[in-house]
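Hello,

Here is the structure I promised to pass on to you. Please open it beside this message, and then read on for what turned up in it.

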Amino acid sequence: MEKRYKGLSIFEFQKMYPTDRECYKYLAEMKWKNGFICKKCGHTHYCKGIKEFDRQCTKCRRLESPTAGTLFHQIKFPILKAFYIVYDVSTSKNGISSCELSRKLELRQKTCWLFKQKVMKAMESSQNFPMVGKVEVDETYVGGQDDKALGRNEGKKKIMVVGIERGAKGVARWYGRVVETASKVNLGGFMRDHISSNAEVKTDYWSGYKGMETHFPKMTREKSGKKGENFKQMHRVIMMFKAWLRGTHHSVVNLQPYINEYTYRFNRHKMGEDIFENLVQRMVAKPPYPYKVFIY
């Protein structure tokens with residue numbers, strides 16, 4: 001398992017990014033690697049801005065920083081500490097809580113929680129790489145004990161639909177989504193977003209999957225055996241996710257970002273040291289994510 005998650009060591013990271021300057025330089029190189037284009041007038045020539053890595057359009061004089069228009073936009077604490085958060089979230093085998101980040105970086109817990117929400121925003125699936133081959137789909141409840149949770153639609157627990165792609169040595173990839181109800185509309189939407197129409201999909205006999213064969217012609221439905229014995233790998237993946245959620249974060253209000261975080265690392269466990277760079281690239285490519293959008 002340690003080898004599976006081997007990546008950029010903390011010593012290598014500290015050597016690459018010793019100060020804020022190296023972080024801003026890295027962001028500038030990544031943001032404008034294909035050349036500068038003014039977002040206001042479209043001009044492609046620039047001159048040096050107020051700060052070292054800022055760029056100013058020579059036509060309309062618009063000033064732009066390396067963090068502007070990215071998920072690092074208007075950051076209120078040192079950019080080096082933001083890089084440490086991205087590093088810890090992406091490379092820690094079991095992730096890291098905002099409380100632990102607060103302790104390590106000497107930042108307020110809420111500050112760490114807020115910025116981590118932006119990091120998890122970058123971890124969202126692009127839906128550009130649907131699962132192929134042998135795929136299984138099932139739903140599960142996520143949440144604490146709820147005496148009112150009878151059937152699949154009641155109580156305070158959240159319903160989560162899960163899809164796994166079988167590999168030669170277990171589960172190659174997985175995706176999950178929180179849904180209001182286990183209806184055909186919700187389950188079908190998830191499957192169409194994350195599964196190739198040519199995949200060999202296997203589900204149980206829940207009515208929400210009825211009729212999906214029109215979009216997935218190789219789909220089969222099986223009665224779920226005692227304790228899910230014919231969906232063993234699916235249930236194992238679900239239990240691993242629940243154990244991770246309880247162990248690292250205990251309980252959460254908005255579940256989907258944490259599904260995205262777990263999925264991002266699980267599906268990239270072979271990426272090694274490149275996972276940090278990949279996540280920073282995603283944060284640079286995505287637009288700002290204001291706090292008012294996700295504070296609940």
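An open sheet of three strands comes first in these notes: its order is 1-2-3 and its pairing is antiparallel. Strand 1 (46-48) and strand 3 (63-64) are the edge strands, each of them pairing on one side only. Please keep in mind throughout that this is a predicted model.

Within this sheet, strand 1 and strand 2 (residues 55-57) run antiparallel and are joined by three bridges. A good residue to click on is K48, which has its place in strand 1. Across from K48, in strand 2, stands R55. Is K48 buried or exposed? K48 counts as exposed, because its relative accessibility is 60%, and the cut-off for that word is over 50%. You can also find L63 from here: K48 and L63 are 15 residues apart in sequence, while their C-alpha atoms are 9.2 Å apart in space.

Now for the other sheet. This one is open too, with five strands in the order 6-5-4-7-8 and mixed pairing. Strand 6 (170-179) and strand 8 (220-221) are at its edges; each has a single partner strand, so one side of each has no neighbour in the sheet.

How much of strand 6 is buried? Eight of its 10 residues are, so strand 6 is largely enclosed by the rest of the structure. That is worth a look in the viewer, since strand 6 is also one of the edge strands.

The partner of strand 6 to look at is strand 5 (residues 158-167): the two run antiparallel, and nine bridges join them. A hairpin of two residues leads from strand 5 to strand 6. Two facing positions will help you to line the strands up. V162 is opposite G176 in strand 6, and E165 is opposite R173 in strand 6. As you follow either strand, it helps to remember that side chains in a regular strand alternate between the two faces of the sheet.

Next, the charged side chains. Side chains of opposite charge can pair when their charged atoms come close. How many salt bridges does the model have? The count comes to 15, and here are three pairs to visit, followed by a network.

The pair of K104 and D88 has its closest N and O atoms 3.3 Å apart. K104 lies in helix 4 (residues 98-105) and D88 in helix 3 (residues 79-91), so this salt bridge ties together parts that are 16 residues apart in sequence. The two ends differ in how they are covered: K104 is partly exposed, with a relative accessible area of 43%, whereas D88 counts as buried because its relative accessibility is 5%, and buried means under 20%.

A salt bridge also forms between the side chains of E124 and K286, at 3.8 Å from N to O. E124 is in the loop between helix 5 (109-122) and strand 4 (134-142), and K286 is in the loop between helix 9 (274-285) and helix 10 (291-294), so the pair ties together parts 162 residues apart in sequence. E124 is partly exposed, with a relative accessible area of 26%, and K286 counts as partly exposed at 25%.

The third pair takes you back to strand 6. There, R177 meets D193 of helix 6 (residues 184-194), and the two are 16 residues apart. Their side chains form a salt bridge of 2.8 Å, N to O. D193 is partly exposed, with a relative accessible area of 27%. Some salt bridges share partners, and in this way K31, K39, R62 and E64 are joined into one network.

On the surface you will also find a patch of negative charge, where E12, E273, D274 and E277 gather. Of these, E12 belongs to helix 1 (residues 10-16) and is partly exposed, with a relative accessible area of 38%.

Lastly, two loop residues with a backbone angle to note. E106, in the loop between helix 4 and helix 5, has a phi near 55°, a positive value in a residue other than glycine. E106 is exposed, with a relative accessible area of 69%. Q127 is not a glycine either, and its phi is positive at about 65°. Q127 sits in the loop between helix 5 and strand 4 and counts as partly exposed at 38% relative accessibility.

Enjoy exploring, and best wishes!

Conventions:
Residues numbered from 1 in each chain as written. Predicted model: local features only at pLDDT ≥ 70, side-chain atom pairs only at ≥ 80, totals over all residues. Heavy atoms only, no water. Patch = residues over 30% accessible without salt bridge, like charges linked within 9 Å, V, L, I, M, F, W, Y side chains within 5 Å. Areas by Shrake-Rupley, 256 points an atom, 1.4 Å probe, with all protein chains shown as cover. Salt bridge = Lys/Arg side-chain N within 4 Å of Asp/Glu carboxyl O. Lys, Arg positive; Asp, Glu negative; His and termini not counted. Charge placed at Lys NZ, Arg CZ, Asp CG, Glu CD. Helix = DSSP H or I, 4+ residues; strand = E, 2+ residues; numbered from the N terminus. Buried < 20%, exposed > 50% of the residue type's maximum accessible area, 1.4 Å probe, protein only. Pairing = 2+ DSSP bridges.
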